[in-house]
Each structure stands twice: as structure tokens, then as C-alpha cells.
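Biologist: Could you take me through one part of this model at close range? I'd like to start from a single residue in a strand and work outwards from there.

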Amino acid sequence: MNRSRLAPGAGIVTAPGDRPVLRTSEGEFLRIDTGHVGPGELVDRLTEGQGQASSAELDRLVAAFEEAGHAVTEPRRPPLTGRAVHLLGDPVLTEPLARFAAAEGAEVQSASADDVAGLAGRRDTALVWCLDSPVPEGLWDEADRLPARHTAWLRCHREGAHTWTEPLASAPGDVTAAHVRLRRLAATAAHRELAAYWAGHRTPDTGPHPTEPAAALIAALLTADLIAWASGEPHRGPGLPARRRLRRIDLRDLTVTEHPVLPVPEVAPLPAPTARTAP
């Protein structure tokens, strides 16, 4: 029989001369009414491998911890267990991401551009494409079709001293790479210059390329997005949800800024001009 223990991140704090307090995994402090149960009995019962005491009141108290999610009976399951993550792009970014995703339980595989179309329709599967450069025109068009078939699609790229991680897309109507480009063009007065930059009308790249710490940071952020996808993206805290979050990482000082981004609605084409006849 599996014994209950405190959930990861939760703990019981006992201040001298006071009642025990639960510190939740979210950092809240909640007073515990142990009734006739001794605080030490509860602590021993919820500490893995300790505590043999049992009573109906103690059992009810432990059950209340379980119902509230502050105690568990099963070992922690890595959040990416059962998910396949296909990686494509530059090794400076894909190598740390492969380690991080595997550590969280993912089945990590290398992919090529020729594999992208074959991933469409595979649920519990994500394609992550990482570039240490701007995105060439049309490179991500095929991958942008994956969310419509319920295959997750996540990507990042570098423009000068900034690396951008784009929103994870996993369902029809999610934000694609094409949407991000349109939103960024609409948000700048230099839209002609930005479009020319993306189209390759620029001087040779001078970096900076991600250092080992920068690459680890980017890989960690992408792994967090994959975990949000695998868990159904329960959204907590003040940050933006993964499916609506565009991040910019400054490679010079490793600062991260978040920007909300929404899909771009389909627009009906303009009607064809009608021929005018001479009066």
C-alpha cells in the first residue's frame, strides 16, 4: 500500500510555541487545525518512509491534504512522460534542449526538414525548431500547418543580439510563425526595413551567438513551454500563457521580456475589380 507524503514543494513549518503551518508549493502559508492529532504524528505520517501511527482522525486529516493536492500517494511522474519531442536546428540550442526535455521524461528524437510533413496528425508529439539566425523566407511554412492537425509546434530564432522564443502552437487557431511576423510588422514603424532584414537584404551576421549559459536559459524556457503543453497549460501567476507568449532574450545580459501575441484572423480576399465599359 502506498503511503501518503507531502506533495513536491509543500512543507510543514512549526514555529516555536505555535500551531503547525502548511507552506504550499505556491508559497502560501495555511494554518493546520490538527484537532486531537498531535502535530508530530501528522508530520511523521506525511514524511516519506516515516510514521506508523494511524487513527480515524489522522486518516481524515491526511485525506484532506490529498484532496487539496498537498499530499500524494504516487511518486512524481516526469511531466513530459509519454510525449515525443522532435528537435531540429542548430546544435548550440538543440543539444541542451534535448538534455532538459529528456530529464523531464520526453522521448527526444532528431528530425530534419524533410520529416516535418510526416509529423502532422501525431498527438502527444511536438516539433521544436531552433535557429541561431534569422528565419529564411518560407522555411517554417510547412511546420506552421502542424497545429491544425494537433501536432505541437514550438520554435526560436536569433536576430542580432536577441533570441526570440515564439508561442507554442498545438491546436487549430493557435499563433503560428506567420502570425508572429505579421504582428511584429504591424507593431513597428520600420516595417519595410524589418521585412527586408528577414528577406536577407542585410550585411553578414556578426553575432553574438548564444554562450553556454544563454543556451541553457533558452533551452529551459522552451522546456517550460513543453511542460505547459503536456500538462494542458494550467495558467498560474501573472505571466502570459505559453500559447500567447512571445519572449525576447537579450544575449548580452540574459534579460527576458514577454510580449502578448494573438493569432491573425483570416481575411477575405478583396473582390476582383469589375470591368468598366465606356459610356
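Modeller: Happy to! Let's start at Thr-165, which belongs to strand β10, residues 162–165. Bear in mind that the model is a predicted one. Thr-165 has a relative accessibility of 0%, and because buried means under 20%, Thr-165 counts as buried. Leaving aside residues up to four places away in sequence, Thr-165 touches Arg-155 and Cys-156, then Ile-218 and Leu-222, and also Arg-245, Leu-246, Arg-247 and Ile-249.

Two of those partners, Ile-218 and Leu-222, take us to helix α6, which covers residues 212–230. This helix has 19 residues, and the distance from its first C-alpha to its last is 27 Å, close to the 27 Å expected at 1.5 Å a residue. Both Ile-218 and Leu-222 are among the buried residues of α6, a list that also includes Ala-214, Ala-215, Ala-219, Leu-221, Leu-226 and Trp-229. Thr-223 and Asp-225 are on that buried list too. As general background, an α-helix has 3.6 residues a turn, so residues three or four places apart point the same way.

Now for the two ends of this helix. Just after α6 comes Gly-232, with a positive phi of about 80°. On the other side, the loop between α5 (191–198) and α6 contains Pro-208, and the peptide bond leading into Pro-208 from Gly-207 is cis, its omega being near 0°.

Back towards strand β9 (152–159), there is a backbone detail in the loop between β8 and β9, where His-150 is found. His-150 is not a glycine, yet its phi is positive, at about 70°. With a relative accessible area of 30%, His-150 is partly exposed. Asp-124 is another residue other than glycine with a positive phi, here near 60°. Asp-124 sits in the loop between β7 (107–110) and β8 (125–130), and at 39% relative accessibility it counts as partly exposed.

Finally, let's step back to the whole chain, which has six helices and twelve strands. Of its 279 residues, 39% count as buried. Among contacts with a separation of 6 or more, 60% are between residues 24 or more positions apart. The radius of gyration is 25 Å, whereas a compact globule of 279 residues would have one near 19 Å. Along the principal axes, the C-alpha trace spans about 95 × 50 × 35 Å.

Methods
Residues are numbered from 1 along each chain as its sequence is written. This is a predicted model: local features need pLDDT of at least 70, side-chain atom pairs count only at pLDDT 80 or more; totals for chains, interfaces and linings use all residues. Side-chain values use heavy atoms; hydrogens and water are left out. Helices (H or I, at least four residues) and strands (E, at least two) are DSSP runs, numbered from the N terminus. The radius of gyration is taken over C-alpha atoms; the globule rule is 2.2 Å times the number of residues to the power 0.38. Buried means under 20% relative accessible area, exposed over 50%, partly exposed in between (1.4 Å probe, protein chains only). Contact means heavy atoms within 4.5 Å. The expected span of a helix is 1.5 Å times one less than its number of residues.
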